[in-house]
Amino acid sequence: MKILVNGTRLFFDVEGSSLVPDGSIMRQKPTLILLHGGPGFDHSVFKPAYSTLADIAQVIFLEHRGNGRSDPASSETWNLAQWGDDVRGFCDALELSDQLF
């Protein structure tokens with residue numbers, strides 16, 4: 001899936017559900033966002049190991065701008081400040097701010 005964040009469409013993949021049955025109610029699991037290294041990488045190397053956490057959390061694999069399946073972006077925007085802003089924008093867009101651990 002892709003989502004527009006700070007002018008660039010970022011790719012993300014989700015493992016596990018956010019809500020799970022807990023008796024007669026639905027309980028929300030925490031959300032874990034996994035970020036790959038780079039530049040030039042994607043999340044695929046991490047998926048086999050970290051997908052196993054889906055029983056305790058919803059795991060979101062987020063690919064940085066200009067990397068993996070995210071849209072191309074100028075290499076000048078490949079820096080920690082921009083990536084940090086993108087993670088914040090991503091969390092805001094999906095309303096994840098209160099669920100992260």
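## A tour from the central strand outwards

Select strand β6 first: five of its five residues are buried, so this strand is largely enclosed by the rest of the structure. The model on display is a predicted one. Strand β6 covers residues 58–62. Colour its two faces separately, and both prove to be covered. Q58, I60 and L62 lie on one side, V59 and F61 on the other, and every one of them is buried.

**The neighbours of β6**

Keep F61 selected and add D13, which stands opposite F61. The strand reached in this way is β2, joined to β6 by four bridges in an antiparallel arrangement. Next add L34, which also stands opposite F61. Here the partner is β5, which runs parallel to β6 and is joined to it by five bridges.

**The whole sheet**

Now show all four strands together. They form an open sheet in the order β1-β2-β6-β5, with mixed pairing. β1 and β5 (31–35) are the edge strands, each pairing on one side only. When the view is turned along the sheet, the twist can be followed; its average is 35 degrees from one strand to the next. In general, strands of a sheet pair through backbone hydrogen bonds, in either the parallel or the antiparallel sense.

**The β1–β2 hairpin**

Move to the β1 edge and select residues 2–5, which make up the strand. Its side chains alternate between two faces. I3 and V5 point to one face and are buried, whereas K2 and L4 point to the other and are not. Strand β2 (residues 8–15) pairs with β1 in the antiparallel sense over four bridges. Among the residues to display here are I3 and its bridge partner in β2, L10. Two residues lie between the strands of this hairpin, and N6 takes a positive phi near 50 degrees.

**Helix α2 and the cavity**

Select helix α2, residues 80–93. The helix lies across β1, β2, β5 and β6, and runs at about 115 degrees to β1. Which element gives the most to the lining of the largest cavity? Helix α2 does, with three residues.

To see that lining, select L10, L35, L62, E63, H64, R65, W83, D86 and V87. L10 was met above as the partner of I3, and L62 as one of the buried residues of β6. By character, the lining divides into five nonpolar, one polar and three charged residues. The volume of the cavity is about 40 Å³. The structure holds one cavity of 30 Å³ or more.

**Two buried loop residues**

Proceed to H36, in the loop between β5 and α1 (47–50). Is H36 buried or exposed? Its relative accessible area is 4%, so H36 is buried. Leaving aside residues up to four places away in sequence, H36 touches F41, D42, H43, F46, L62, E63, H64 and N67.

The last stop is K29, in the loop between β4 (25–28) and β5. Why does K29 count as buried? The reason is its relative accessibility of 5%, because buried means under 20%. With residues up to four places away in sequence again left out, K29 touches S17, S18, V20, A54, D55, I56, A57 and Q58. To finish, draw a distance from K29 to F46: these residues are 17 residues apart along the chain, and their C-alpha atoms are separated by 21 Å.

Note on methods
Residues are numbered from 1 along each chain as its sequence is written. This is a predicted model: local features need pLDDT of at least 70, side-chain atom pairs count only at pLDDT 80 or more; totals for chains, interfaces and linings use all residues. Side-chain values use heavy atoms; hydrogens and water are left out. On a 1 Å grid over the protein atoms alone, a cavity is a set of points where a 1.4 Å probe fits but cannot get out, and a pocket is an open set with protein on both sides within 12 Å along at least five of seven lines; lining residues have an atom within 4 Å of a point. Grid points are joined across faces, edges and corners, and a volume is the space filled by probe spheres set on the points. Ala, Val, Leu, Ile, Met, Phe, Trp, Tyr, Cys and Pro count as nonpolar, Asp, Glu, Lys and Arg as charged, and the others, Gly among them, as polar. Buried means under 20% relative accessible area, exposed over 50%, partly exposed in between (1.4 Å probe, protein chains only). Two strands pair if DSSP finds at least two bridges between them. Axes are lines fitted to C-alpha atoms, for helices over the stretch in contact, and angles run from 0 to 180 degrees between N-to-C directions. Contact means heavy atoms within 4.5 Å.
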